[in-house]
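Please work through the exercises below with the model open beside the text. Each task is followed by a solution that proceeds step by step.

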Amino acid sequence: MIQLSINGKVHSYDDVDPSMPLLWFLRDIANLTGAKYGCGMALCGACTVHLDGQAVRSCVMPVAAAVGKKVTTVEGVVDDDVGHAVQAAWQKLDVVQCGYCQPGQIMSATALLHTNKNPSDAAIDAAMAGNVCRCGTYMRIRAAIHEAANTLSARGRS
Amino acid sequence: MSDSARDVFIVNESRRRFLEGMGGLALAIYAGAARADKGWAALGKADTKAIAPASFEPNAFVRIASDNTVTVVSKHLEMGQGTYTGLATLLAEELDADWDQVRVEGAPADVARYKNTLLGLQATGGSTAMANSYEQMRSAGAVARAMLVAAAAQEWKVSADSIAVDRGWLYAKGHKASFGQLAAKAAQQPVPNNVALKNPKDFKLIGKSELHRKDYADKTDGTAVFTQDYKLPHMLVAVVAHPKRFGAVPKTVNADKARAVPNVAAVVQFSGDNRTRFSGIAVLARNTWAARSGRDALEIDWDESQAFKLGSAEILAQYKDMAGRAGLVACKEGDTEAAFAARHARLIEAEYELPYLAHAPMEPMNCLVQLREGGCEIWNGEQFQTGDQNAIAAMLKVPANNVALHQLYAGGSFGRRANPSSDYLLEAVSIALAAWDKGVRAPIKLMWTREEDTRGGYYRPAFYHKAKLALDGDGKLVAWQHHVVAQSIIKGTPFESFAIKNGIDGLSVEGLADMAYEVPNLRVELSTPDNIRVPVLSWRSVGHSSNAFVSEGLVDEAAAAAGKDPYQYRRDMLSKAPRLKGVLELAATKAGWGQPLKPGAAGEKRGRGIAVHEAFNTYVAQLAEVTVKSDGSFKVDRVVCAVDCGLAINPDVIVAQMQGGIGFGLAAALHGAITLKDGVVEQSNFHEYIPLRINEMPVVDVHIVPSAEKPTGVGETAVPLIAPAVVNALYNATGKRIRKLPIANQLSA
């Protein structure tokens, strides 16, 4: 049996191959399809989720490695102040095109803003370079991260 | 465990999600599974039931429910280009709906109702969605509005003229009602034949930047449903093994280890046709990881006797040889022979090369199939309903109407999901048929891994161009002779007979044979190889993706040879093309072409380049600014883009398509190449087929030409110009002319 904390709730699952990547566990077993398969080799970031707040590529992480840690997916990140601000900024600026990579982008952006409250363009580029968007929404991703940072900083001041 | 014992799933649960999502459609639910040896078509009776229609459905494009929801039905695929938003804007404008009450769903396959009026079949392509829907969707909205007004007039006993409609509400003196309140009554009104459309000056939604995309929320909170995400009860996932070489077939297969993987349900062999799709082996499992693990455990010996075994080097050598011989004449203006024989001041001779390109959408190809008696249902990000429906019906030997196609979001496509050969859909159906014969009744989702997607063929063709240009004493371009060598994306498809004229596939020479520049003597020849069995397909902007790079490079070479300013040189040749000249001037003005570029740091060189082109009746100019370091590495700093697409329906979507198209085109310009060695594709995943990443994305400034002309498409037209704009900028910075894509490390080599 595997016990996992996902988006604040603990679930138990029987008969799970512990070597199954977390991505496929989330998508096929836990029915959380927000995290996406793009490459299976940690090259594109579409599968990004948080493990104890850190952005990880779930396509190469065995589900066993997530036991005892808090898994957060795009479906649950709204409960996090930073994640909520990031999603709101994404919506305000209409970042998405095809949308397939965006859950991963949002998870990486949220992790970035947890460690760097006011990232420069260069810091954004460095932190987000692992997340591929074939539609080329990168300009708006940069702008939305700045937007979310501004929202959070204004909230902090008030 | 034997396959038959655990493979037979009886699908008898309610598919509520399907019913909710696709209201009004009948669907079959199985009462039981028949004997496997009977074959799928001989099965027992299906139980059909339909759900009630929405309260008010005046036509194929809109439903208004009593809860006030306005559902717009999109006949076009939403693959990122914003078509759901555009079509909803058109309909909601004439309906006078509130933008927030409007939702969009994808249309099923039904060519009678959802034909692309420009293409003549149900398909999304050629940047035609807005152009072919502009009046259709507005009329659909206006009809619904008229029926709501008629209902209110009847209810309130007032004249229709006295009723006003605004943001989802109807008003008359002393009366007020919402769309939802009037929906049931509106449904009883006669459908008017002729309705007047608004004067564009009265538009409230069309042309407004502040409208959010209709898919902006579900694509940020994880609820958007792509084919990758769609599930049916008892569904099995199919992961496949394809041969390394096009045209190879399985010789011997040992699937013992694959079957031993827990949760693997079956292993089946499927046959391609040795030309348009692969033969291979599929492992069917209850989850993706099991299917993948099972696939990896297969032991297959391939018969490669009929396989394609040429490499990129051999293909290029053949193309060079073909370019040295006479081709078919695609365009002949003036007399190039005489012009080259006469005195001319300068001669430019150049060869340009472009590689095969994969579409590489973020969502690898996939397709969900449920076979049923006498037909099937398909869930897919469906870009070519009519072609796919016909191809699947032919494979199943059933009428086309028995193939139901349900539309989902596509995680990108860039042309990949509109294939006249229906490759991955037919593969999915082949697998389902093979599984049926083994007693599998479950729905099956084919999921290609990134590696299958990259190596799966259907690439933008590789191009070789050989050109000769003559300039007179004033530097004027007086003669241009051009030979294109490329595979045809139409030849061998059902569209060959009407798309290829006199042996010439116009898509191979588009943008060249019909160039807007005034060149008095122009001759464009085409050679189309028929021995290269690498599957090819339209790739975002089709022939323009190659030809604008070459024409805009060559014009830049001519300007340099003439000692002229590349902007003025182009402008002087566009006196008969006012809209092209317009975007060229707008981009140059906005970028400050007249002022010097800000210099780079010590050791850095800066440069800028310009390019202008028309594709899909949309006019675009791009100006790129680059910084080149002493080691030859470089960065594209800024791109200024001007676009004239007629009336701008959703300005912010247009801006997004220019930004994104530039990003997509820049990926190809900098890195993109599919290469073959002995017939084997050398790239497999994103470490080898290299995408653009955020650190390489330039700042893009977009300027839309205000226009009252009919709207034209924006999904593709930004793509072809970024490569020439960047290459011309690199020439401006370094004096080195790049004639081969991708640029890669040519500056430092």
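The exercises that follow treat helix packing, a chain interface, a helix span and some backbone details.

The model is predicted, so that local features need pLDDT of at least 70 and side-chain atom pairs count only at pLDDT 80 or more, while totals for chains, interfaces and linings use all residues. Residues are numbered from 1 along each chain as its sequence is written, and chains are lettered from A and ligands numbered from 1 in the order in which they are written.

**Exercise 1.** Describe how α2(A) and α3(A) cross, and state which residues meet.

Solution. The axes, which are lines fitted to C-alpha atoms over the stretch in contact, with angles from 0 to 180 degrees between N-to-C directions, come within 9 Å for α2(A) and α3(A) and cross at roughly 130°. That angle makes α2(A) oblique to α3(A), because angles under 35 degrees count as roughly parallel, over 145 as roughly antiparallel, 65 to 115 as roughly perpendicular and the rest as oblique. The crossing is right-handed, the near helix being turned clockwise from the far one by less than a right angle. On the α2(A) side, Val82(A), Gly83(A), Val86(A), Gln87(A) and Trp90(A) take part, and they meet Gln102(A), Ile106(A), Ala109(A), Thr110(A), Leu113(A) and His114(A) of α3(A); contact here requires C-beta atoms, placed from the backbone, within 7 Å. These residues divide into six nonpolar, five polar and no charged, where Ala, Val, Leu, Ile, Met, Phe, Trp, Tyr, Cys and Pro count as nonpolar, Asp, Glu, Lys and Arg as charged, and the others, Gly among them, as polar.

**Exercise 2.** Characterise the crossing of α3(B) with α5(B).

Solution. Helix α3 (residues 83-95) of chain B and helix α5 (residues 129-156) of chain B have axes that come within 7 Å and cross at roughly 35°. Here α3(B) passes α5(B) in a right-handed crossing. Among the residues that make the contact are Leu87(B) and Leu90(B) of α3(B) and Tyr134(B) and Met137(B) of α5(B), and by class the contact holds twelve nonpolar, four polar and four charged residues.

**Exercise 3.** Set out how many residues of chain A and chain B are in contact, and the classes on the chain A side.

Solution. The interface joins 45 residues of chain A to 47 residues of chain B. On the chain A side, α1 (22-29), α2 (81-92), α3 (102-115), α4 (121-128) and α5 (138-157) each supply at least two residues. The classes on that side are 26 nonpolar, twelve polar and seven charged.

**Exercise 4.** Compare the span of α19(B) with the expected one, and say how far the helix is covered.

Solution. Helix α19 (residues 651-670) of chain B has 20 residues and reaches 28 Å from its first C-alpha to its last, close to the 28 Å expected at 1.5 Å a residue. Of its 20 residues, 18 are buried, that is, they have 20 or more other C-beta atoms within 10 Å of their own, whereas 12 or fewer would make a residue exposed and a count in between partly exposed.

**Exercise 5.** Locate Ala360(B) and Asn502(B), and decide whether each is buried or exposed.

Solution. Most residues other than glycine have a negative phi, and most peptide bonds are trans. Ala360(B) nevertheless has a positive phi of about 45°, and its place is in the loop between β16 (346-354) and β17 (366-372) of chain B. With 27 other C-beta atoms within 10 Å, Ala360(B) is buried. Asn502(B), with phi near 50°, is found in the loop between β23 (500-501) and β24 (504-505) of chain B, and Asn502(B) is exposed, with 7 other C-beta atoms within 10 Å.

Terms used
Helices (H or I, at least four residues) and strands (E, at least two) are DSSP runs, numbered from the N terminus. Two residues are in contact if their C-beta atoms, placed from the backbone, lie within 7 Å. The expected span of a helix is 1.5 Å times one less than its number of residues.
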